[in-house]
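Me: Please take a close look at a single part of this model, a residue inside one of the helices. Then work outward from it and show me what lies around it.

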Amino acid sequence: MTSVAPERPARHRLVTVGDSLVQGFMSGAIHRTDLSWPAIIAFELGLSAEEFTFPTYEWPTGPGGLPVDLERLAREFDRRFGSGLDLLEAVRAAPWLRDRMDDMEDHWERGAGSREPEDGSPFHNTGVHSWDVLDPVVTTEARVERLLATKPSDDFLAQLVEHHPARAAWPILHRASGGDSGRTVLDSVADLAAGEGVETLVVALGSNNALGTVVSLDIAWTPDSYAEMTLEQRRDTRAGSNLWRPSAFRADWADLVARLRTIEAQHVVVTTIPSVTIAPLARGTHEKVRPDSRYFPYYTRPWITDEDFDPRHDPHLTEDDVRAIDSAIDAYNETIIASVRAAREDGLDWYLFDMGGLLDRLATRRYVESPWARPAWWEQYELPAALQRLDPVPTTRFFRAGPEGRTDGGLFSLDGVHPTTIGYGILAQEVIRVLRLAGVEFFDRHGKRRADPIEIDFDRLLREDTLVSDPPASITSTLGLLGWLDGRLGWVTRFLP
């Protein structure tokens, strides 16, 4: 199907709905929303700050993003205690860490960060971390306000911003409500499309229907009866699950697609779901189970070495667990692809962006370093020239650094789940290719139409990517600081979506 020129130009050229990958979550927090991949695309489209809007979460002022910016915490550790983390430094740092976390908790729960959001037009980027497929359909400002109305605890030891996903969603849902707290972000997107028009709507959801398995290193399937439940029952039953049965995913996806089909955007781009087991937060131990296999015998935290790992005591997933997770995601993607195909057969201008395939083509340990494990369709992704010039070339391994700078990784941020700025840039570049297929025009900052190929300025992104260009000295090859922070804060299971 070829795209058809619209009868009238749309004022809202780009609107995005999704989860943390759309919101721009990075290194354990949402803070640099100006560097999300939708914001990068908006920059390349030539849009102004008024033409593509998003919440800012008080960056660069305030105590930090929601819930905790690990990069910022590491830099503060460097300034106070140096780059080493021996027993003495750990003892000295403990009171500082508790006080620092207390400041952030007070700010977001009782201080300026807890105030009601400002009124205004709906945001164009409506991504919210922790959202799964059903959230854009059922989550409203009223539900968020009820959650935030409960008085947060102020535990002396367990300092954590409670309900941080709800706090991140509040400004977005407040703008979407238009004074009616029972509305969803999809209601506001539909209004934009019916009013002044939406040129392109990009929807990226589903990672959080499986990501909890990697975060917790455990699997909790949805109930067998989930698919037969009503929408309201499914909305309230999700909380105990971190891996949706394929039938459960189909039920939720059907409700999402039914709502998306009512939105009169000129183009709709839907993404597939990346395999969350490639994320380096779950490190495969030892050697592959076979040279031609994608899988390792166990998956554990990256700061637990092969020599120290003991499956009797350390948290882990097994090879069979990871196979089950990947199989579930494959089934999810079949559902997504079928929905796009059906929409196109019905005359809708829908497109597919294979985000899952992109991560597969970048997967260092699964495919790049294992030629015998590569499927017939696999072809290694060619990084932009500016990234190929880096030494070392960025990979999907967990981020590591030394006295001279970065020594490994670079495409994933310090939380081991979300991209760095240059990683988001790669996502943006590939979405741009889909937008050009749909006939979307790009303009420079002076309003002049840009000719193909539309290439992102990765030199600009490298200047913005402080983790890659100037890594904290305390993020060493052993990842001791991140392991210590997880031991003190439980940041992996408590902070990540």
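**Aspartate 252 and its surroundings**

Reply: Leaving aside neighbours within four places in sequence, aspartate 252 is in contact with Val133, Leu134, Tyr226, Arg234 and Trp244. The model is predicted. Aspartate 252 sits in helix 11. Its relative accessibility is 0%, so it counts as buried; the cut-off is under 20%. One of its contacts, valine 133, is 119 residues away along the chain, yet the two C-alpha atoms are separated by 6.3 Å.

Start with what helix 11 does for another helix. Helix 11 (246-260) is among the elements that cover the buried residues of helix 8. The others named there are strand 1, helix 5, helix 7 and strand 4. Eight of the 10 residues of helix 8 (residues 185-194) are buried, so helix 8 is largely enclosed by the rest of the structure. The buried set is Val185, Leu186, Asp187, Ser188, Val189, Ala190, Leu192 and Ala193.

Two of those covering elements, strand 1 and strand 4, lead into the sheet. It is an open sheet of four strands, ordered 1-4-5-9, with parallel pairing. Strand 1 (12-18) and strand 9 (350-353) are at the edges. Each has a single partner strand, so one side of each is left without a neighbour in the sheet. From one strand to the next, the twist averages 20°.

Now go across it, pair by pair. Strand 1 and strand 4 (residues 198-204) run parallel and are joined by six bridges. One match is glycine 18 with alanine 204 in strand 4. Strand 4 then pairs with strand 5 over four bridges, again in the parallel sense. There, leucine 201 stands opposite valine 268 of strand 5. On the other side, strand 5 and strand 9 pair in the parallel sense over four bridges. Valine 268 has tryptophan 350 as its bridge partner in strand 9.

Strand 5 deserves a pause. Five of its five residues are buried. In a regular strand the side chains alternate between the two faces of the sheet. Both faces of strand 5 are covered: His267, Val269 and Thr271 are buried on one side, and Val268 and Val270 on the other. Helix 12 (residues 319-345) packs on the sheet and touches strand 5 (267-271) and strand 9. The direction of helix 12 makes about 155° with that of strand 9.

Back to helix 7, another of the elements covering helix 8. Histidine 164 lies in helix 7 (residues 164-177). At 6% relative accessibility, histidine 164 counts as buried. Not counting residues up to four places away in sequence, histidine 164 touches Leu66, Pro67, His129, Arg494 and Phe495.

Helix 7 also borders open space. The largest pocket holds about 1000 Å³. It is lined by 33 residues, and those closest to its centre are Ser130, Asp132, Asp135, Pro165 and Ala239. Six elements give two or more residues each to this lining: helix 5 (135-138), helix 6 (141-148), helix 7, helix 9 (211-216), helix 10 (231-237) and helix 20 (491-495). Helix 5 and helix 7 thus have two roles: they help cover the buried residues of helix 8, and they help line the largest pocket.

Enclosed space is a separate matter. There are three cavities of 30 Å³ or more. The largest takes up about 330 Å³. Its lining has 21 residues, with Leu21, Leu359, Phe412, Val417 and Pro419 nearest its centre. Helix 1 (20-23), helix 13 (355-362) and helix 16 each give two or more residues to that lining. Helix 13 gives the most, with four.

Helix 16 (residues 421-437) rounds off the tour. Its 17 residues reach 25 Å from first C-alpha to last, close to the 24 Å expected at 1.5 Å a residue. Helix 16 is mostly covered, with 14 of its 17 residues buried. Glycine 423 lies in helix 16. Its relative accessibility is 9%, so glycine 423 counts as buried. Its C-alpha is separated by 9.8 Å from that of serine 36, although the two residues are 387 apart along the chain. Just after helix 16, glycine 439 takes a positive phi of about 90°.

Technical notes:
Residues are numbered from 1 along each chain as its sequence is written. This is a predicted model: local features need pLDDT of at least 70, side-chain atom pairs count only at pLDDT 80 or more; totals for chains, interfaces and linings use all residues. Side-chain values use heavy atoms; hydrogens and water are left out. Two strands pair if DSSP finds at least two bridges between them. Axes are lines fitted to C-alpha atoms, for helices over the stretch in contact, and angles run from 0 to 180 degrees between N-to-C directions. Contact means heavy atoms within 4.5 Å. The expected span of a helix is 1.5 Å times one less than its number of residues. Buried means under 20% relative accessible area, exposed over 50%, partly exposed in between (1.4 Å probe, protein chains only). On a 1 Å grid over the protein atoms alone, a cavity is a set of points where a 1.4 Å probe fits but cannot get out, and a pocket is an open set with protein on both sides within 12 Å along at least five of seven lines; lining residues have an atom within 4 Å of a point. Grid points are joined across faces, edges and corners, and a volume is the space filled by probe spheres set on the points.
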